[in-house]
Amino acid sequence: MSNAPVIAAVDGSEHSLRALEWARKEAVRHDCGLLVAHVLPDHAQLYAGRRASLHDASEPEEFADPVRDWVRSLLGADGPGLPEGVTYEALEGSVPEALRVIGSRARMLVMGSRGRGGFASLLLGSSSRAVASTAACPVVVVPHAERGAADDGAGAGAEAGAGAGAEAGAGAGAEAGADAEQSAGRVVVGLHAAETPDDVLTFAFTEAAVRGTTVQVVSAYAIPPSPNLVIDSPFAVIPPEGLADEGDGVPAEREMLRSQTERLAPLRERFPDVPVEQAAVPGDPAGRLVIASRAAALVVVGRHHPRRTAMSLAIGSVAHAVLHHAHGPVAVVPTLKDDV
């Protein structure tokens, strides 16, 4: 899908504006087209159906679409068209289904965490959850401003062990000021060595490569409670060369890191210029990924197999929790080569 576009789903809300901005930068990074998709509201779809059924030539051919004009003004279009490399499509049908269909030809589909009609208290809108659970392409959910880490990002970086370090700064140095926010930080990916599909890792490494930044691989292990264990302490990031048999890590941690190293070997070979950090942490993987999201450019998680349960929104508990609570963009990656 080297020529596939990045698709931004918009509805004119502030949440979709953030998604559009993120998607536009992503399209530039991947040197591909940007397709802006808007699912028409019910009244516009009813108008189109009425005009088609009555064949009334006196009615305008198109229902006024203020979102299209909004997109044109945001992207700085000259004249009636859109900037080069950008296309716009008005879609009909339900939001989840229309976006699922158009997402079948996308590099990724980017959307806001809540739509225009969402309640202010919702962390994740129903459409975002449904699309992330069913789309055939990776879905990136960009959170609304209230969930950003602008007010606590500096402290969180130390807590997560994944702050925007010098490596990320070097990768973002060539970007313009407006692009720096997206460039800063690592790409964090959650890994279950025995279950996470290769597509999830490939997506994470590709995103790190186009940003010139580091991939931080986070795996969690369960250990019995101990008086000396502080669950909320920062997790340690250990390079592969530090995994000697006489290391200080607990056996479960050492085994987890070794499993990571074995699983990541093909990715290191494919992406030799992408620095890799490995982290094995006790406890809840979703909680650790949420902490890491405060200083990450992107958090990448896998989605459960779509055939686990019929007619359900099949999304794993970790992906579900991270989507609801992450402080930055989250990519939910399906098994792209599956024969469903």
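What percentage of the 340 residues of the protein chain count as buried?

**Exercise 1. The chain as a whole**

Task: give the buried share, then list the secondary structure and the contact pattern.

Solution.
- Step 1. This is a predicted model.
- Step 2. Of the chain's 340 residues, 46% count as buried.
- Step 3. The chain contains twelve helices and eleven strands.
- Step 4. Take the contacts between residues at least 6 apart in sequence: 77% of them join residues at least 24 apart.

**Exercise 2. Cysteines**

Task: state how many disulfides the structure holds, then classify Cys-32 and Cys-137 as buried or exposed.

Solution.
- Step 1. A disulfide is a covalent bond between the sulfur atoms of two cysteines.
- Step 2. The structure has zero disulfides.
- Step 3. The cut-off for buried is under 20% relative accessible area.
- Step 4. Cys-32 has 16% relative accessibility, so Cys-32 is buried.
- Step 5. Cys-137 has a relative accessible area of 2%, so Cys-137 is buried too.

**Exercise 3. A helix pair**

Task: describe how α11 and α12 pack, and say which residues make the contact.

Solution.
- Step 1. Locate the helices: α11 spans residues 285-293 and α12 spans residues 317-325.
- Step 2. Their axes lie 9 Å apart, at an angle of about 30 degrees.
- Step 3. Angles under 35 degrees count as roughly parallel. Therefore α11 is roughly parallel to α12.
- Step 4. The crossing of the two helices is right-handed.
- Step 5. From α11, the contact uses Pro-285, Ala-286, Leu-289 and Val-290. From α12, it uses Val-318, Ala-321, Val-322 and His-325.
- Step 6. Sort these contact residues: seven are nonpolar, one is polar and none is charged.

**Exercise 4. The buried side of α12**

Task: name the buried residues of α12 and find what they pack against.

Solution.
- Step 1. The buried residues of α12 are Ala-319, Val-322, Leu-323 and His-324.
- Step 2. Two helices are among their packing partners: α5 (126-134) and α11.
- Step 3. They also pack against the strands β5 (139-142), β10 (296-302) and β11 (330-333).
- Step 4. Val-322 appears in the list of buried residues and also in the contact with α11.

**Exercise 5. Thr-87**

Task: place Thr-87 in its strand, classify its exposure and list its contacts.

Solution.
- Step 1. Thr-87 sits in strand β3, residues 86-91.
- Step 2. Partly exposed runs between the 20% and 50% cut-offs. Thr-87 has 43% relative accessibility, so Thr-87 is partly exposed.
- Step 3. Set aside neighbours within four places in sequence. Thr-87 then contacts Leu-34, Leu-35, Val-36 and Leu-82.
- Step 4. Leu-34 is 53 residues away along the chain, yet its C-alpha atom is 6.5 Å from that of Thr-87.

Notes. Residues numbered from 1 in each chain as written. Predicted model: local features only at pLDDT ≥ 70, side-chain atom pairs only at ≥ 80, totals over all residues. Heavy atoms only, no water. Disulfide = S-S within 2.5 Å. Buried < 20%, exposed > 50% of the residue type's maximum accessible area, 1.4 Å probe, protein only. Axes fitted to C-alpha atoms, helices over the stretch in contact; angles between N-to-C directions. Helix = DSSP H or I, 4+ residues; strand = E, 2+ residues; numbered from the N terminus. Parallel < 35°, antiparallel > 145°, perpendicular 65-115°, else oblique. Left-handed = near helix turned anticlockwise from the far one by under 90°. Contact = heavy atoms within 4.5 Å. Nonpolar A, V, L, I, M, F, W, Y, C, P; charged D, E, K, R; others polar.
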